[in-house]
Amino acid sequence: MSAIGRLLRSFALRTALLTAFGVLGISALGLGLGWLRSSAALEEALDSTIRAEAELLLGDFQRFGAIGLTRAVEARTRDRTPSAILVQLRLPDGRPVAGSARLSGAPMGLRGFVTLKAPEGPVRTLGIGISNGFTLLVAAEFGAVLDTAATLARTLLAAGAIAVLIALGFGLFMARGLQLRLRRVSEAAEQVIRGDLARRLPLAGSADEFDRLAGTVNTLLDRQEALIEGMRQVTVDVAHDLRGPLSRLRQRLEAALARARDPNADGAAFEAALAELDTVLATFTALLRLAQLEAGPPLPPQEAPVLDLSALVARLAEAYAVVAEEAGKRLEVQVAPNQHVHGDAALLRQMLTNLLDNALTHGGQRLRVTLHPGPVLDVADDGPGIPAEERARVLRRFYRLDRSRGTPGSGLGLALVAAVAKLHGTAPTLSDAAPGLRVRVDLSGAKAEN
Amino acid sequence: MRILLIEDDKTTADYIAKGLQEIGHVVQVARTGRDGMLLAAGEAWDVIVTDRMLPGPDGLTILRALRASGIATPVLVLTALGEVERRVEGLDAGADDYLAKPFAFSELRARIAALARRPTPTTDPVLLQVGDIEMDLLKRVVRRNGQPVELLPTEMRLLEFMLRRPGQVLTKTMLLEGVWDLNFDPSTNLVEVHVSRLRRKLSLEGLPAPIQTMRGVGYMLGAPT
């Protein structure tokens, strides 16, 4: 699109044109009204001049009679200067006795004002009947008045045109400014689209609407950048975490292939390969689940189904107590009865399972799961615990303490716990169980009366 | 068994069909939702296995259509979206079982077998008995060969689940779902620990082991049917 084409389509220019048309309209209206008003006023002024002259003449008539009037008329007609008053005295039969011949076009028996079209230009004429059937005509040139009105109209027209031009110029100037400003914004946005995530919209520093909008968009971009950075980190972490098991899998299969065929050895190799593959799949499943949980809105607090958290915890804890016992550990279970919450049973089971798995894998010999009234769920162990400065980080995906790198697990367990907790309007808190780690999930916000 | 498989991905369809044929099933494959719907409604099948995402009407639409027209053939829904809500949605639509991709073929086989033998719902028996193991559901008492066996509540639930499915291969995920309502695999060996404890408690001198481990597949109580 050409520069002119772009300018023509711009909102700013349309605003400028609209303003100019507005000014034009107002000017035209003012002009018309002004012209009408002024010509009416001029006509009135002329009429009163005529009337005053007529009164003077009537005074002459009263004092000096018809002869005096005739003389006065003749005198005035003789001395008449251009554009001055014209007078004529007529007999009852319409013939002029004295006065200007220019008024001979006036109709017979004229009474009152009329505008006569004479060859030399229009004449405003007042007809007055005096005694004996005589008619006195007093008139004045109308052309001068019309000229004045026309001059006035031309002046107004010129002023209107100038106003329109100024409005148009101002509009174009504003349009240009707006366009430049918006272009800078859209250039910055295009940079972001091309991948320069750190780019921000320019601020003019005027704190006007544009700056405020740009500020909001910049906040959006900040958040977007953080999210994308997080995503990038996760991608790197996924790749990093999966490279290990996948390369082991490859080595195993390669070694098995290179070996002479032996049903027993092959079977063992395949089984080991499948186990390796299953851990990869488990990581993927956990990641997907996490993504779905994090994408979803929180459960509507009072609409989610009511479930018996006490029973849920007791049942899983009992199963895990057996597992702990087999592993030579002890799981103490303490469950407050009749604790009900609004929530998703499957997700809460998953959350507790992850917490118990964690405690069994990383904790010490004595584990404790407690459901306090509230309800508040605690899972504690007497293992090495997590240093205070690391606690916030272990809730992130794939974050693993250095010492747990060698142990099985995807590094997603606590991230899933956090996601499920968030869905139930809360967040896990990690604290020192002295010794060991305590993870607490306060579900009192989701409490349901039973 | 006559099995209808509705799956649009050729590789997956061939793999499943071949596997099922090898163990003696008759398999008909439909590659679109439309074909699947026509075949499902038009012929008698023992089990229908359908993918969830299909060109044309999807798996759940087919399922709803079948159930709406009164066809109660057991349906197993395969899905790549193995998450909780989808699962509930599928079961609500009338699916009898649900299996997330990727799955082990042994898992599919066990689930198809379980579906085909799903007992018609009758009044619950008071006494479950398989071989010399019996469970009184009212008194919550278990005996092997007449001798009482002490079980924890979890072990009781596990045994009840197995007694109700004698001679069937029960995979780890089937047990996790059926006994603990867990639709994911915990990193702890929950199932292995409980099965081996149960097996130990049920063992008697001179009697055969009551629960068999099917290597790489699952567990089975009683003789195969």
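The paragraphs below walk through a predicted model of two chains, A and B, taking each chain in turn and then the contact between them.

Chain A has 450 residues, of which 26% are buried, and its secondary structure consists of eight helices and twelve strands. Among the contacts in chain A with a separation of 6 or more, 62% are between residues 24 or more positions apart.

A good place to begin inside the model is its largest nonpolar core, which has 101 residues and in which A:Val313, A:Leu316, A:Tyr320, A:Leu356 and A:Val420 have the most contacts. Helix α6 of chain A, spanning residues 309-326, provides the largest share of this core, namely ten residues. A second core, separate from the one just described, has 22 residues, and A:Ile50, A:Val73, A:Ala106 and A:Phe142 are included in it. To follow one residue of the largest core in detail, the reader may look at A:Leu356, which, when residues up to four places away in sequence are not counted, touches A:Leu316, A:Tyr320, A:Val369 and A:Val379.

Chain A also contains a helix pair that can be described in some detail. Two packed helices are described by the angle between their axes and the distance between the axes. For helix α4 (residues 209-258) and helix α5 (residues 263-295) of chain A, the axes come within 9 Å and cross at roughly 165°. Because angles over 145 degrees count as roughly antiparallel, α4(A) is roughly antiparallel to α5(A). On the side of α4(A), the residues making the contact include A:Val238, A:Leu242, A:Leu246, A:Leu249 and A:Leu253, while on the side of α5(A) they include A:Ala269, A:Ala273, A:Leu277, A:Val280 and A:Leu287. Charged side chains can be found on the list as well, among them A:Asp241 and A:Arg248 of α4(A) and A:Asp266 and A:Glu276 of α5(A). The crossing in which α4(A) passes α5(A) is left-handed.

Chain B comes next. Of its 225 residues, 35% are buried, and it has eight helices and twelve strands. Residues 24 or more positions apart make up 56% of the chain B contacts with a separation of 6 or more.

One sheet of chain B is open and is formed by three strands in the order β10-β12-β11, with antiparallel pairing. Its edges are occupied by β10 (170-171) and β11 (211-214), and since each has a single partner strand, one side of each is left without a neighbour in the sheet. Strands of a sheet pair through backbone hydrogen bonds, either parallel or antiparallel. Here β10(B) and β12 (residues 218-221) of chain B run antiparallel and are joined by two bridges, and B:Leu170 has B:Tyr219 in β12(B) as its bridge partner.

Chain B has a helix pair of its own, in which helix α6 (residues 153-163) and helix α7 (residues 172-180) pack at an angle of about 120°, with their axes 9 Å apart. The two helices, α6(B) and α7(B), are therefore oblique to each other. Their contact is made by B:Arg157, B:Leu158 and B:Phe161 of α6(B) together with B:Leu175, B:Gly178 and B:Val179 of α7(B), and α6(B) passes α7(B) in a right-handed crossing.

Finally, the two chains meet in a contact that takes 23 residues from chain A and 21 residues from chain B. On the side of chain A that touches chain B, α5, α6 and α7 (345-362) of chain A each supply at least two residues, and α7(A) gives the most, with eight residues.

Note on methods:
Residues numbered from 1 in each chain as written. Chains lettered and ligands numbered in written order. Predicted model: local features only at pLDDT ≥ 70, side-chain atom pairs only at ≥ 80, totals over all residues. Core = buried A, V, L, I, M, F, W, Y, C linked by C-beta atoms within 7 Å. Buried ≥ 20, exposed ≤ 12 C-beta atoms within 10 Å, placed from the backbone. Helix = DSSP H or I, 4+ residues; strand = E, 2+ residues; numbered from the N terminus. Contact = placed C-beta atoms within 7 Å. Pairing = 2+ DSSP bridges. Axes fitted to C-alpha atoms, helices over the stretch in contact; angles between N-to-C directions. Parallel < 35°, antiparallel > 145°, perpendicular 65-115°, else oblique. Left-handed = near helix turned anticlockwise from the far one by under 90°.
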